[in-house]
Each structure stands twice: as C-alpha cells, then as structure tokens.
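This report describes the structure shown below, proceeding from individual side-chain pairs to the chain as a whole.

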Amino acid sequence: MHKRLDIAEYLDNEEIVAEYLNMVSESDDPALFLRAIGHIARSKGMSQIAEKTGLGRESLYKALDEKAHPRFETIFKVLNAMGIQMTLVPKMRLRKRSKQAALCVAEKGARYRV
C-alpha cells in the first residue's frame with residue numbers, strides 16, 4: 001500500500017520553503033508556482049492564511065487551484081500572510097545557482113522531484 005506524498009508535510013522551516021519556491025519559479029510554469037504556494041499555505045494552515053488575507057477559506061482554496069487565474073493582488077496578499085518576500089534577480093543569475101534537480105525536504109533525507 002502506497003501513501004500519497006503530501007509536500008506540505010515537509011515544508012516545516014523557512015529555508016525549505018524559500019528553496020522550494022525558488023526552484024519552482026525557475027520552471028516558468030505559473031500553474032506549478034501557484035500549486036507550490038498552495039502547498040505552503042496548507043503547511044501553514046489555510047484558515048490562518050485566509051484570516052490574515054481577509055479571504056474566505058473556500059475562496060483561498062479556489063484562488064490557489066492550479067487551474068485558477070488569481071489576481072496578482074491575491075497572490076501578493078497570500079505571500080505576505082505566509083511571511084514570504086519575493087526578491088527578483090536577472091535570469092542569468094538564477095541559472096548560475098544550483099542546478100539541483102531534486103529538493104531535499106525537512107532534513108529527513110528523502111528526495112522528491114518537484
């Protein structure tokens with residue numbers, strides 16, 4: 001019997017959250033980035049994030065669905081509520097960063113592809 005991996009269970013410290021978002025942002029896939037924000041929100045508690053953003057919990061789930069097209073204002077509110085600050089750098093600098101293909105999560109030594 002296999003248990004489905006829930007990445008939100010492994011996003012238990014700020015460094016892992018930051019690295020996860022940085023890796024996902026390099027994919028140029030908005031749906032993947034949105035899904036990652038959803039994973040982080042679930043790890044921190046959707047009710048708590050909903051309260052901080054002023055959004056209803058159901059609205060938050062809908063906004064973070066990978067098929068959704070949320071407004072930037074909503075994403076900005078969610079990131080702020082989660083204590084995440086975005087830093088933008090030229091793309092060439094990102095390519096010089098680690099080309100690690102897997103994300104080591106929660107210091108448990110397990111590697112999962114993002």
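## Salt bridges within helix 5

Glu-73 and Lys-77 form a salt bridge in which the closest N and O atoms are 3.9 Å apart. The model is a predicted one. Both residues belong to helix 5, where they are separated by four residues, about one turn of the helix. Glu-73 counts as partly exposed because its relative accessibility is 39%, and Lys-77 is likewise partly exposed, with a relative accessible area of 35%.

The pair does not stand alone: Arg-71, Glu-73 and Lys-77 are linked in a network of salt bridges. The structure holds six salt bridges.

## The buried face of helix 5

Which residues of helix 5 are buried? They are Thr-74, Ile-75, Val-78, Leu-79 and Ala-81. Viewed down the axis of helix 5, these buried residues fall within an arc of 165°, and they therefore line one face of the helix.

The cover over the buried residues of helix 5 includes helix 1, helix 2, helix 3 and helix 4. Just after helix 5 comes Gly-83, with a positive phi of about 75°.

## Helix 2 and its ends

Helix 2 has 15 residues, for which a rise of 1.5 Å a residue predicts a span of 21 Å; its end C-alpha atoms are 21 Å apart, so the expected and modelled values agree. At the N-terminal end, Asp-29 acts as a cap, with a side-chain oxygen 3.1 Å from the backbone nitrogen of Ala-31. Beyond the other end, helix 2 is followed by Gly-45, whose phi is positive, near 105°.

Asp-28 is located in the loop between helix 1 and helix 2. Although Asp-28 is not a glycine, its phi is positive, at about 60°. Asp-28 counts as exposed because its relative accessibility is 53%, and the cut-off for that class is over 50%.

## Packing of helix 2 and the setting of His-39

The buried residues of helix 2 are Leu-32, Leu-34, Ala-36, Ile-37, Gly-38, His-39, Ile-40 and Ala-41. They pack against helix 1 (14–25), helix 3 (46–53), helix 4 (57–63) and helix 5 (72–81).

His-39 lies in helix 2, which comprises residues 30–44. Is the side chain of this histidine, His-39, to be classed as buried or exposed? His-39 has a relative accessible area of 16% and is therefore buried, the class being defined as under 20%. When residues up to four places away in sequence are left out, His-39 touches Ile-7, Ala-8, Leu-11 and Tyr-20.

## Salt bridges beyond helix 5

Glu-66 forms a salt bridge with Arg-35, with the closest N and O atoms 3.0 Å apart. Glu-66 lies in the loop between helix 4 and helix 5, whereas Arg-35 lies in helix 2, so the pair ties together parts that are 31 residues apart in sequence. Glu-66 is partly exposed at 38% relative accessibility, and Arg-35 is partly exposed with a relative accessible area of 31%.

A further salt bridge joins Lys-3 and Glu-9, whose closest N and O atoms are 3.8 Å apart. In this pair, Lys-3 is exposed, with a relative accessible area of 69%, while Glu-9 is partly exposed, with a relative accessible area of 44%.

## The loop after helix 5

Met-86 is found in the loop between helix 5 and helix 6 (91–96). With a relative accessibility of 41%, Met-86 counts as partly exposed. The C-alpha atom of Met-86 is separated by 9.4 Å from that of Ala-18, a residue 68 residues apart from Met-86 along the chain.

## The chain as a whole

The chain contains six helices and two strands. Read along the sequence, these elements follow the pattern α-α-α-α-α-α-β-β. The chain has 114 residues, of which 33% count as buried.

Among contacts in the chain with a separation of 6 or more, 58% are accounted for by residues 24 or more positions apart. The exposed area of the chain is about 8000 Å², and carbon and sulfur atoms supply 52% of it.

Conventions. Residues are numbered from 1 along each chain as its sequence is written. This is a predicted model: local features need pLDDT of at least 70, side-chain atom pairs count only at pLDDT 80 or more; totals for chains, interfaces and linings use all residues. Side-chain values use heavy atoms; hydrogens and water are left out. Buried means under 20% relative accessible area, exposed over 50%, partly exposed in between (1.4 Å probe, protein chains only). Contact means heavy atoms within 4.5 Å. The expected span of a helix is 1.5 Å times one less than its number of residues. A polar contact is a pair of N or O atoms within 3.5 Å; within protein, one must be able to donate a hydrogen and the other to accept it, and residues adjacent in sequence count only if both atoms are side-chain atoms. Accessible areas come from the Shrake-Rupley method with a 1.4 Å probe; for residues, only the protein chains shown count as cover. The arc is that of the directions from the helix axis to the C-beta atoms. A salt bridge is a side-chain nitrogen of Lys or Arg within 4 Å of a carboxyl oxygen of Asp or Glu.
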